[in-house]
Amino acid sequence: MEARVVVSVVENHSLALSPRISEAGVGDYLALLKPRVMSLVVFTALVGLLLAPGYVHPVLAITSILCIAVGAGASGALNMWYDADIDAVMARTAKRPVPAGRVTPQEALAFGLTLSLFSVATLGVLVNWVAGALLAFTIFFYAVIYTMWLKRWTAQNIVIGGAAGALPPVVAWAAATGSLSMEPILLFLIIFFWTPPHFWALALYRSDDYARAGVPMLPVVAGPDATRLQILLYTVMLVAVAASPWLLGYFDAVYGISSLVLGGWMLWLAVKVYRQREGAPAVRAARQLFGFSLIYLFALFAILLGEVVVAAVLPLLS
Amino acid sequence: MDEEQRPGIVLTETQKKRRRERSIAIALALGVLVLLFFAVTLVKGPAVLNRPL
């Protein structure tokens, strides 16, 4: 009996010492980059880059967008490294590569740090260091300030943390001009005020998930009714902020009127979320707002992109 | 089994396949980086080396 115990200990010991051989595929590493978030980052950065005054060589423009995209992906990988414990207990995130065991936390950390270093250094050396420094700050803000600190500490996590998601068009503007001005700050503010209603709408119908993971999202900490009020207030501010570039004379009336129409629809959905508080209609209203908020932001930036393209093409046609 | 015949760590077919895929992806990424630096050097011309220290 004693001999069997000894053998068992030796076997376990040798198992613990044997190196883990990775079976992670390329797809798992791509998943660490959060491709859906990255696509929105690329799109908003592209708009920031094209809105900037002056000529940017296409090679430098592609380099800038590529570096911003890789930097955003690096932030995602660092987030998945640190949040693996939270992701494991949430239905929405349990199948991510780290909690599912396909990629170890150490591999995710190394991947995220490597991409951070390469994206910032490449943007700094090949484009300019204002953009490189802003990209480094964006990654730091998302990975350290938001992921490691705010997310587990305060119900205002996504309000303050939203700054990281709002910075890509600012980085792109800096890449094109080497400086900053009012227009990229207005783009920043639009995404900043868009973030709370977007994520709180999701949190309303996923609050059980967040509560189980111990994440202090607003519906978990303050309750769904207080969240509904906050969603409404932030949506009112969002509509005003989104119209401000037109009212201040930076963008034209096509953008201004479109922003008011889209904002009016977003506000109507926020009012529905505020009024529908029980059962399936409440969940449906929150889902509608979450879904439309994505369309809203995409449409606003697409209109800006369209105006830039039209302004560039019209002189060629005439 | 004596010391010389010990097989060491033997990778499964899946592990070999995934390792090869990861190696190819790293090679492609490095290739893109080299091309990027080459293209930007062409775009910026000789001034690319003329930077303040």
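These are my notebook entries on a predicted model with chains A and B.

**Ground rules.** I count residues from 1 along each chain as its sequence is written, with chains lettered from A and ligands numbered from 1 in the order in which they are written. As the model is predicted, local features need pLDDT of at least 70 and side-chain atom pairs count only at pLDDT 80 or more, while totals for chains, interfaces and linings use all residues.

**Overview.** I looked up chain A and got 15 helices and zero strands; helices here are DSSP runs of H or I, at least four residues, strands are runs of E, at least two, and both are numbered from the N terminus. The C-alpha trace of chain A spans about 90 × 55 × 30 Å along its principal axes. Of the 318 residues in chain A, 45% are buried. I call a residue buried if 20 or more other C-beta atoms lie within 10 Å of its own, exposed if 12 or fewer, and partly exposed in between, with C-beta atoms placed from the backbone. For chain A contacts between residues at least 6 apart in sequence, 72% join residues at least 24 apart. A contact is a pair of residues with C-beta atoms, placed from the backbone, within 7 Å.

**Chain B.** My entry for chain B is one helix and zero strands. Buried residues come to 2% of its 53 residues. Where chain B touches chain A, each chain gives 12 residues. On the chain B side I noted seven nonpolar, two polar and three charged residues. The classes go like this: Ala, Val, Leu, Ile, Met, Phe, Trp, Tyr, Cys and Pro are nonpolar, Asp, Glu, Lys and Arg are charged, and the others, Gly among them, are polar.

**Helix α3 of chain A.** I checked the length of α3(A), residues 35–51: its 17 residues should span 24 Å at 1.5 Å a residue, and the end C-alpha atoms are 24 Å apart, so that agrees. The expected span is 1.5 Å times one less than the number of residues. Buried residues of α3(A) include A:Met38, A:Val41 and A:Leu49. The buried set packs against α4, α9 (168–177), α10 (182–205) and α15 (279–317) of chain A.

Just before α3, I stopped at A:Lys34, in the loop between α2 (26–32) and α3 of chain A. Its phi is near 50°, a positive value in a residue other than glycine. A:Lys34 counts as partly exposed because it has 19 C-beta neighbours inside 10 Å.

**Helix α4 and its partners.** The axes of α3(A) and α4(A) come within 9 Å and cross at roughly 145°; axes are lines fitted to C-alpha atoms, for helices over the stretch in contact, and angles run from 0 to 180 degrees between N-to-C directions. That contact has 12 nonpolar, three polar and no charged residues.

What is the angle between α4(A) and α7(A)? I found about 20°, with the axes 10 Å apart. The two helices are therefore roughly parallel (angles under 35 degrees; over 145 is roughly antiparallel, 65 to 115 roughly perpendicular and the rest oblique). Among the contact residues are A:Gly71 of α4(A) and A:Tyr142 of α7(A). The classes are 11 nonpolar, six polar and no charged.

**A:Ala84.** Last stop: A:Ala84, in helix α5 (residues 84–89) of chain A. A:Ala84 is buried, with 20 other C-beta atoms within 10 Å. Leaving aside neighbours within four places in sequence, A:Ala84 is in contact with A:Val98, A:Pro99 and A:Pro105.

Methods: Two residues are in contact if their C-beta atoms, placed from the backbone, lie within 7 Å.
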